[in-house]
Amino acid sequence: MQLTRKKKTDAIAGLEIEADSVAAAEVTLNGSARVGAAGVEQLAAGAFHEGEIAEPDAVAEALKALFSRSKLPKQVRVGLGNQGVVVRNLRLPAIEDPKELDAAIRFQAQEQMPMPLDQAVLEHQVVGGVPAEEGAPAQIDVVVVAARREMVSVFLQPIRRAGLEPVGVDLSAFGMIRALADTVPPQVDPQTGEQRAASGAVLYCSLGDVTNLAVARNRSCLFTRVSYAGLGSIAELLAASRGLSQEHALQWLSHVGLEAPVGEVEGDPGVVGETREALEMGVAALIDDLRLSLDYYRAQESAIPIERVAACGPGSAIAGFATRVEGGLGLPVACVRPPALGELDDRLAARLTLPYGLALEH
């Protein structure tokens with residue numbers, strides 16, 4: 001699913017912007033996905049906040065540096081992940097004619113979208129349904145995505161200013177699903193030890209400065225939202241209390257982690273202690289937010305039981321982070337990386353997972 005029409009091109013890079021950095025990966029498909037050029041560039045503090053561009057010039061300069069240094073292609077597929085993008089699930093009568101289906105979706109969506117549809121980009125995807133039964137017609141489940149045209153335009157301005165050509169805009173969550181759908185370990189029957197096909201859904205989480213989450217079965221997205229409980233808020237808390245830059249705060253979060261006893265972690269004991277405290281508070285807030293999101297999802301008529309959690313993004317590379325989430329949610333959590341990123345350092349692979357997934361569709 002995309003929010004703008006893509007163009008056919010020989011080389012394309014998936015691009016994702018977070019509060020602390022911009023990251024991009026070039027992907028080529030020839031039987032299997034292969035990563036060509038890739039890189040991450042630090043972003044000036046305050047240039048990007050909660051999924052939206054605050055300082056276009058700073059973002060443009062970081063993009064110029066990244067694409068020049070890493071020799072990345074100029075055509076990019078960009079990920080959007082903020083609360084200005086609205087996703088709704090609709091259940092509609094099964095309609096075969098595409099034009100009639102589109103009209104029915106727009107009619108239903110205008111009642112649920114908090115924006116005028118004539119000012120929005122609207123896309124949809126059929127993700128399931130209910131077969132016809134005696135006395136009841138067949139129905140389909142549709143995921144509908146809407147974004148204000150003005151917001152998308154503002155988001156793309158610094159990208160074009162950097163000399164890049166956006167050939168598509170997609171939800172970061174959808175790129176995450178594409179990147180990880182084939183990496184989730186198969187289920188094992190506890191009685192026979194044999195692998196079996198998954199019947200339930202997977203909760204995908206990209207733990208970055210914000211948290212992108214999506215519930216999907218196979219490659220079909222059933223539910224998605226953005227949570228502002230992420231590394232960004234944890235780093236801000238630590239930076240404010242210790243007078244650190246955002247970049248140094250993130251480095252401390254990665255260094256201290258949640259596994260080793262505080263007394264065994266190298267560094268200033270005061271900073272180590274406050275870092276661990278910030279992580280504990282941040283993970284607790286994230287778990288609470290994930291629970292609320294899951295409660296909302298499970299209340300939907302078309303909800304499919306969630307069997308496990310697949311985590312990516314910088315937060316998933318912090319020691320003990322995923323284990324804490326697993327304990328808080330009561331679901332098995334696996335930190336997964338696309339095989340094409342397998343030769344990279346785990347922290348870099350975690351950061352490049354979403355750009356990789358965004359580049360897959362071209």
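So, cysteine 335: at a relative accessible area of 36%, this residue is partly exposed. Keep in mind that this is a predicted model. Cysteine 335 is in no disulfide, and the nearest cysteine sulfur, on cysteine 312, sits 9.2 Å away. Cysteine 312 turns up again for cysteine 205, as the owner of its nearest cysteine sulfur, this time at 8.3 Å. Cysteine 205 isn't in a disulfide either, and with 2% relative accessibility it counts as buried. For the whole structure, the disulfide count is zero.

Okay, on to helix α1, residues 56–70. How far apart should its ends be? With 15 residues at 1.5 Å a residue, you'd expect a span of 21 Å, and the end C-alpha atoms are indeed 21 Å apart, so the two agree. Which residues of α1 are buried? That's Val59, Ala60, Ala62, Leu63, Leu66, Phe67 and Ser70. They cover an arc of only 165° around the axis, so they're on the same side of α1. That fits the usual picture: an α-helix has 3.6 residues a turn, so residues three or four places apart point the same way.

What do the buried residues of α1 pack against? Several strands, including β1 (13–17), β2 (21–29) and β3 (33–42), plus helix α3 (149–161). Just after α1, lysine 71 takes a positive phi of about 55°.

Now, Phe67 again. Leaving out residues up to four places away in sequence, Phe67 touches Ala13, Leu15, Ala24, Leu72, Pro73, Lys74, Val76 and Leu164. In the largest nonpolar core, which has 97 residues, Phe67 and Phe321 touch the most other members. Helix α7 (residues 269–298) gives that core its largest share, eight residues. Apart from that core there's another, of 15 residues, with Ile105 and Met113 among them.

Notes:
Residues numbered from 1 in each chain as written. Predicted model: local features only at pLDDT ≥ 70, side-chain atom pairs only at ≥ 80, totals over all residues. Heavy atoms only, no water. Helix = DSSP H or I, 4+ residues; strand = E, 2+ residues; numbered from the N terminus. Expected span 1.5 Å × (residues − 1). Buried < 20%, exposed > 50% of the residue type's maximum accessible area, 1.4 Å probe, protein only. Arc of directions from axis to C-beta. Contact = heavy atoms within 4.5 Å. Core = buried A, V, L, I, M, F, W, Y, C linked by side-chain atoms within 4.5 Å. Disulfide = S-S within 2.5 Å.
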